[in-house]
Amino acid sequence: MADDLGDDWWSEEPAGEEKAEAQVESLTENEVHSPLKAQGHKDRKKRPHQETKKQISQAKKDESHNAHPDGEPKKKKRRKKKKMSEHLADAAQKPGTSEDLMTLLHKHYQGKLSAIEMQELQLSDKSFLPSNSTSAPLSNYLKSSIPKWNNLVKKTKPVKPNACLLLLVTASAKRAVDLNRQGSEFKGQCVSAKLFAKHLKIQEQIKLLNKNGAHFAVGTPNRISALIQTDGLKVEETFYVILDWNWRDVKLRRMVDMPEVRQDLLELLRKHIIPATRNSEKLRIGLF
């Protein structure tokens, strides 16, 4: 029996060891190496994504470094806003036209007046003198636009009290004095008046107009409106209203570019000049 047991045991032991080694090798390959391979597969899937992020980050750093060798962040440049005078200097300084005046009135009063009131602001081309398209001096422009001025002056001597045949509207007292001097060649021998506030009291101006009236008057919108409201000036007797439209001051501003003057001018036109123009066939507006 001993020999049998020994023979059986001895003959089966190698087979058991080989089977155990086979099982260990199988476990090693299937249970140990397979998870590592799977993990490695996952890592390979994630790696291209991670490398892409790194590449983008590196590219941004390279761009920043190339733009600024010192490695400082790039600062955004702020655009400087142009001053109003720079805008006006860049813009083409074209002579004003009747369309410009109508556009300004519509833009200013849009939403502030009713539809009927807005319609009453409209004027036909017959209500306007030719514009100063050649930028001619004042006397030359008035001579070409009002060729029968001398005849009109002779017919209206003496002028009716509180009347004014030609009313020249400008931005300031200083400009009014200059225009009165520039118009000397045109107006000739006629009664003229200065209608502005500087150094001139309104009571004295009313007294002068009540006594003689004027053929040619030059003034500012605010004072002219005040004289009309106090019956010191009657625009019903006026033949021509000339707006000093194209002149610019040292800041390149026109009369309509100055907020305080623009407001007075538009109110003068809306309340007094335009109604008188619509009610009279003789009154005409010119843009100098």
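Select R270 to begin: at 24% relative accessibility, R270 counts as partly exposed, a class that lies between buried (under 20% relative accessible area) and exposed (over 50%), computed with a 1.4 Å probe on protein chains only. The model on your screen is predicted, so that local features need pLDDT of at least 70 and side-chain atom pairs count only at pLDDT 80 or more, while totals for chains, interfaces and linings use all residues. Residues are numbered from 1 along each chain as its sequence is written, and side-chain values use heavy atoms, with hydrogens and water left out.

Next, add E267, whose side chain meets that of R270 in a salt bridge at 3.5 Å, N to O; the term stands for a side-chain nitrogen of Lys or Arg within 4 Å of a carboxyl oxygen of Asp or Glu. Both residues lie in helix α11 (residues 259-279), three residues apart, or about one turn of the helix, where helices are DSSP runs of H or I with at least four residues and strands are runs of E with at least two, numbered from the N terminus. E267 is buried, with a relative accessible area of 18%.

Keep E267 selected and add K271, since the two side chains also form a salt bridge at 3.3 Å, N to O. K271 is partly exposed, at 42% relative accessibility.

Now move to E237 and K160, a salt bridge with its closest N and O atoms 3.7 Å apart. This pair links distant parts of the chain, 77 residues apart: E237 sits in the loop between α10 (221-229) and β4 (240-243), and K160 in the loop between α6 (149-155) and β1 (164-169).
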